[in-house]
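Here is a short report to read alongside the structure. Please keep the viewer open as you go.

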Amino acid sequence: MQFAQDRAVLDARWKELQREAHPDKFAAQGAAAQRIAMQWSVRINEAYQRLKDPLKRASYLCELHGAPIHAESNTAMPTDFLMQQMQWREALDAARTVQDMDEIASESNAVGREMLLKIEQTLDVSRDFSAAAQQVRNLMFIERFTSEVDARIDQLEQ
Amino acid sequence: MALLQISEPGQTPDPHQRRIAIGIDLGTTHSLVASVRNGVSECLPDEQGRVILPSVVRYLDADRRQIGFEALAAQVGDPRNTISSVKRLMGRGIHDIGSLAQLPYQLGDKPGMVTLQTIAGEKSPVEISAEILATLRYRAEDSFNDDIYGAVITVPAYFDDAQRQATKDAAQLAGLKVLRLINEPTAAAIAYGLDNASEGVYAIYDLGGGTFDISILRLTQGVFEVVSTGGDSALGGDDYDRALVEWVLAKAGLAADTLSPSDKAAMQQAARACKEALSAAESVPFSVRLARASVNFEMKAADFETATAHLTQRTLAAVRKALRDAKLAKDAIDGVVLVGGSTRMPQVRKAVASFFGREPLTNLNPDEVVALGAAISANQLVGNNTGADLLLLDVIPLSLGIETMGGLVERIVPRNQTLPTAMAQDFTTYQDGQTALALHVVQGERDLVADCRSLARFELRGIPPMVAGAARIRVTFTVDADGLLSVNAREQGSGVEAHIDVKPSYGLSDEEIARMLQESFSTAQQDMQARALAEARVDADRLTLATQSALAADVNLLSNDQRVQIDRLMIHVADARVQGDPATIEAATQALAKGTEAFAAQRMNRGIRQALAGKNIESI
């Protein structure tokens, strides 16, 4: 499997499979049919979740090729990357308005997108899975930061 | 003995040419029932031709009650026994309910859910909602002069597990077979999508009487995929009324706590009338006579807008959050649909239009659109309409998790996961030799357990003693298509297991529901017998039919013996049906269900394997 995937094809395939397996299709049948349909439907959703999210897909590929992510035991990061993370966190602590936070989020999103392009290169062209695993770990950091920014915006808006 | 009918090979016999399926919008202020007739979804009217049923129940004494318009008219005169907006209390404890001072009821504090003290005794919101649902069920039965096969009930997308479970219990109490709970914005999208054959990404802004929902949906060829959802299950038109009351009280120099229950009800009604009139005029008179004073002045639309701007802003904050969750910008939205009576307020329309930079769609009646969509879905679920192949892929609105050390929440299912879903997380023991584990299931977005909704507690016992941290306890959350949760915990080494279907702690047991059904909805013994018989027969027919069509399609999966066994069970059902004893019919139906379980499983697995055949990860 390639890392690069056409999201539209993936989406269409997911919906096609759910059309066959979704419990609603078996609403007029007994409890047994419902239960089995539910199990299938759950598995299809699980597969789709793993494939549609680029970060999960990349992690999965690394794992398949013997380079598991193990984020909790691999915390070493390049210095310049850590510096950038610290700057963002300081900026987030100082941010007082939703606009400030939106700006920080769009910057971290932009860096995340660049990182994804690099991951694609590493996985599909150089096929260096342990290097890709390190990039995935970095991207996980960025995504966690982005979701923290979102959570701060949610809080501020409540 | 009656002769058994045998159909032409390959044809599915169908004793009920059409199964009657209904969609019910159980709303805060009013409720509706709709059904698909002659291919068109339409709301069913009462005897006077009105489709709307005010969601108001008045208890007259221990046995009698009024429901709908009559109850609404009596609200000012009998505020304590006339319950409105009960949806706001569904699945809620007393501490969850804000602005108690303005409610004219005597609330009881029961664990899990409030109760209301009425002349007919203590009533739970589930029972009161069941009265409304039963009224709509009777209306549908009268319209068709037949039994109802099943119903789709709508709930706000932002309802949590406790609120959903309470709604399902109410439907069961009203004697309805729930085909599915679906989210109100999704139902609205179905009504719109099928009418307009729309494709693209839509925002459904649904401001009802007591709840606000925002859903972002992607429509493609009959698939309604909810991308994200958000809202506030305690924000709606009622709050606009209340803000108006507060504004009026402040202007008139009156304090809320000096008002009698009748005064409160009168103020509420005057505020609602004023709000509705302001949808069509720039200024209207506000006038109400209270016990010790009367209030009369001219209310301006601009003042109403200012007094409620904070509420409109709260809805827009939820919209922004839903867009963030969907990872979509405002301009990615192809259309905005307004749903719910409260979207008639000009300030709401204006705010939504200016936020999205486009005029919202309002060509369907915002009061009816949810019920219409629910009916389309119900019709499809019972298999009446195989032509329009629609599929709903909904999401869970709020994250689910487990309490860990220090009162923190470990999230297991994040919000906006497509349903159905199952997710697991491993936990371990804290102390050496620990043999039991208490699990506390919570729902919400906050990190502290105290800030989330507590759904259930249960224990896993019999873990073999080990050193702290050695046990591997896998907790699996399974959320079905209705958004209802069940939890399983299993110690991986020993295989010790515990399981619960999460029910809010007010939990009506099945026996209680059966008892209430007997007490509330059947006065005469004969009626009850007749109803029980009719229901048993509908169930028997349903299963016989499903079995016959399964045999017609896949009889080759069975050995001769298995086939003979299933035939025998079907004959038992047919015999029991003719004899006419409800308990015997139920027993025979049960036996058939059990006897065909393995067959059903085989068929399903084969069908789905075929669909997946030849596909592996490389080909996706």
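The sections below go from the overall make-up of one chain to its cores and then to some backbone details.

## Chain B at a glance

Please bear in mind that this is a predicted model. Chain B contains 14 helices and 27 strands. Of its 620 residues, 53% are buried.

If you look at contacts in chain B between residues at least 6 apart in sequence, 66% of them join residues at least 24 apart. The area that chain B exposes is about 26,700 Å², and carbon and sulfur atoms supply 48% of that area.

## The nonpolar cores

The largest nonpolar core is made of 47 residues. Tyr205(B), Phe286(B), Val319(B) and Phe356(B) have the most contacts inside this core. Helix 7 of chain B, covering residues 301-326, gives the most to the core, with nine residues.

Tyr205(B) is a good place to start exploring. Leaving aside neighbours within four places in sequence, Tyr205(B) is in contact with a set of residues that includes Phe212(B), Asp213(B) and Ile214(B). Thr315(B) and Val319(B) are also among its contacts, as are Val337(B), Leu338(B), Val339(B) and Thr343(B). Val348(B) and Val352(B) are in contact with Tyr205(B) too.

There is also a second, separate core, this one of 41 residues. Among its members are Leu44(B), Met113(B), Ile128(B) and Ala174(B).

## A loop in chain B

Now turn to the loop between strand 21 (408-413) and strand 22 (421-427) of chain B, where you will find Pro420(B). The peptide bond joining Leu419(B) and Pro420(B) is cis, with omega at about -5°.

Asn416(B) is also found in the loop between strand 21 and strand 22 of chain B. Its phi is near 65°, a positive value in a residue other than glycine. Is Asn416(B) buried or exposed? Asn416(B) counts as buried because its relative accessibility is 13%, and buried means under 20%.

## A loop in chain A

Chain A has a residue with positive phi as well: Arg127(A), which is not a glycine, has phi near 50°. You can locate Arg127(A) in the loop between helix 5 (98-126) and helix 6 (129-157) of chain A.

Arg127(A) has a relative accessibility of 44%, so it counts as partly exposed. The class of partly exposed residues is the one in between buried, under 20%, and exposed, over 50%.

Terms used
Residues are numbered from 1 along each chain as its sequence is written. Chains are lettered from A and ligands numbered from 1 in the order in which they are written. This is a predicted model: local features need pLDDT of at least 70, side-chain atom pairs count only at pLDDT 80 or more; totals for chains, interfaces and linings use all residues. Side-chain values use heavy atoms; hydrogens and water are left out. Helices (H or I, at least four residues) and strands (E, at least two) are DSSP runs, numbered from the N terminus. Buried means under 20% relative accessible area, exposed over 50%, partly exposed in between (1.4 Å probe, protein chains only). Contact means heavy atoms within 4.5 Å. Accessible areas come from the Shrake-Rupley method with a 1.4 Å probe; for residues, only the protein chains shown count as cover. A nonpolar core is a set of buried Ala, Val, Leu, Ile, Met, Phe, Trp, Tyr and Cys residues joined through side-chain atoms within 4.5 Å.
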